[in-house]
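Visitor: I have a structure to look through, and I would like short answers. Can you walk me through it?

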Amino acid sequence: MKLAVFASGSGSNFQAVADAAAENRIDAGIAVLVCDKPDACVVERAEAMNIPVFSFRPKNYENKAAFEQEIVEELQKKEVDLIVLAGYMRLVGDTLLTAFQKRMINIHPSLLPAFPGLNAVEQAWEAGVKVTGVTVHEVDQGMDSGTIIAQEAVAVKPSDSLASLTKAVQAVEHRLYPDTIQFLLRERLSQGGAMHQ
Ligand code: GRF
């Protein structure tokens with residue numbers, strides 16, 4: 001099975017998935033990293049692991065459909081089965097959604113539907129919740145709104161700061177994402193077939 005990971009930033013979740021693939025903890029390899037910020041740290045992480053990178057600057061395209069069409073062609077050429085969003089800081093448009101219907105997932109650092117959007121750990125911290133967590137979900141047109149696939153709770157301890165809570169949430173992300181990808185790949189494999197069309 002082949003994954004495409006989409007990321008825009010530091011790439012710690014990309015790293016967790018890449019490490020899981022390298023250590024055979026998931027039955028898949030990363031065929032390509034797609035990145036809309038060519039200078040992002042995640043690009044260096046991919047290069048260090050010899051993972052191909054498709055990076056682009058959205059402003060060089062007429063619109064979202066134009067760069068998404070190029071991405072779709074790249075992913076089809078590489079026979080990608082599943083798109084894994086890992087800190088990809090833009091809403092996915094119809095071109096990608098149509099080509100990869102039901103084959104695109106995202107990770108979000110809260111227990112959705114609570115705290116969608118940016119700075120979710122900070123939102124939870126400021127709301128004073130005693131439990132937050134991590135969600136892996138299918139991607140649809142909305143912001144962090146697709147069908148939930150997996151969730152794990154993280155307790156907010158009295159001794160926590162925003163920084164320590166962020167660290168605890170990230171540690172769960174780095175375990176839950178590879179585990180959930182493996183669960184999905186197994187499920188689809190047992191249904192007898194490749195996921196790409
Ligand atoms: C993660 O918190 C992820 O849940 C969210 O964006 C962040 C990306 O962090 N969608 P990193 O670049 O993987 O370190």
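Guide: First, a working term. Two residues are in contact if their C-beta atoms, placed from the backbone, lie within 7 Å. Keep in mind that this is a predicted model.

Visitor: Which residues does Val84 touch, leaving out those up to four places away in sequence?
Guide: Contact here means C-beta atoms within 7 Å. With residues up to four places away left out, Val84 touches Leu3, Val5, Val17, Ile105 and Ile181.

Visitor: Which residues have the most contacts inside the largest nonpolar core?
Guide: In soluble globular proteins, nonpolar side chains tend to be buried together. The largest nonpolar core here has 53 residues. Those with the most contacts inside this core are Ala4, Val5, Val17, Leu33, Val84 and Ala86.

Visitor: In what order do the strands of the open sheet run?
Guide: Seven strands form the sheet, and their pairing is mixed. Neighbouring strands are turned by 20° against each other on average, direction ignored. The order is β3-β2-β1-β4-β5-β6-β7.

Visitor: Which strands stand at the edges?
Guide: An edge strand here has a single partner strand, so one side of it is left without a neighbour in the sheet. That applies to β3 (53-55) and β7 (148-155).

Visitor: Which residues of β4 are buried on its two faces?
Guide: In a regular strand the side chains alternate between the two faces of the sheet. Strand β4 spans residues 82-85, and both its faces are covered. On one side the buried residues are Leu82 and Val84, and on the other they are Ile83 and Leu85.

Visitor: What is the bridge partner of Val5 in β4?
Guide: Strand β1 (residues 2-7) and β4 run parallel, joined by four bridges. In β4, Val5 is partnered by Val84.

Visitor: Which residue of β5 stands opposite Val84?
Guide: β4 pairs with β5 as well, in the parallel sense, over three bridges. Opposite Val84 in β5 is Ile105.

Visitor: Is Ile105 buried or exposed?
Guide: Ile105 lies in strand β5. A residue is buried if 20 or more other C-beta atoms lie within 10 Å of its own. Ile105 has 23 such atoms, so it is buried.

Visitor: Which residues is Ile105 in contact with, beyond its neighbours within four places in sequence?
Guide: Ile71, 34 residues away in sequence, is 16 Å from Ile105, C-alpha to C-alpha. The contacts of Ile105, leaving aside neighbours within four places, are Val84, Leu85, Val136, His137, Glu138, Val139 and Ile149.

Visitor: Which residue of β7 stands opposite His137?
Guide: His137 faces Asn106 across the pairing with β6. That pairing of β5 with β6 (residues 131-138) is antiparallel, over four bridges. β6 also pairs with β7 in the antiparallel sense, over seven bridges. In β7, the residue opposite His137 is Ile148.

Visitor: Which residues come nearest to the ligand?
Guide: There are 13 residues around the ligand. By class, five are nonpolar, seven polar and one charged. Those that come nearest are Gly9, Ser12, Asn13, Gly87 and Pro109.

Visitor: Which element gives the largest share of the shell around the ligand?
Guide: The largest share is three residues. They come from α1.

Visitor: Is α1 enclosed or exposed?
Guide: The buried residues of α1 are Asn13, Phe14, Gln15, Ala16, Val17, Ala18, Ala20 and Ala21. That makes eight of eleven, so α1 is largely enclosed by the rest of the structure.

Visitor: What phi does Asn24 take just after α1?
Guide: Asn24 sits in the loop between α1 and β2 (29-35). With 9 C-beta neighbours inside 10 Å, this residue counts as exposed. Asn24 is not a glycine, yet its phi is positive, about 60°.

Visitor: What phi does Asn50 have?
Guide: Asn50 is in the loop between α2 and β3. Asn50 is exposed, with 6 other C-beta atoms within 10 Å. Though not a glycine, Asn50 has a positive phi of about 55°.

Visitor: Which residues does the cis peptide bond join?
Guide: Look at the loop between β5 and α5 (120-127), where Pro113 is placed. Omega of the cis bond is about 10°. The bond joins Leu112 and Pro113.

How values were computed
Residues are numbered from 1 along each chain as its sequence is written. This is a predicted model: local features need pLDDT of at least 70, side-chain atom pairs count only at pLDDT 80 or more; totals for chains, interfaces and linings use all residues. A nonpolar core is a set of buried Ala, Val, Leu, Ile, Met, Phe, Trp, Tyr and Cys residues joined through C-beta atoms within 7 Å. A residue is buried if 20 or more other C-beta atoms lie within 10 Å of its own, exposed if 12 or fewer, and partly exposed in between; C-beta atoms are placed from the backbone. A residue is near a molecule or strand if its C-beta atom, placed from the backbone, lies within 6 Å of it. Ala, Val, Leu, Ile, Met, Phe, Trp, Tyr, Cys and Pro count as nonpolar, Asp, Glu, Lys and Arg as charged, and the others, Gly among them, as polar. Two strands pair if DSSP finds at least two bridges between them. Axes are lines fitted to C-alpha atoms, for helices over the stretch in contact, and angles run from 0 to 180 degrees between N-to-C directions.
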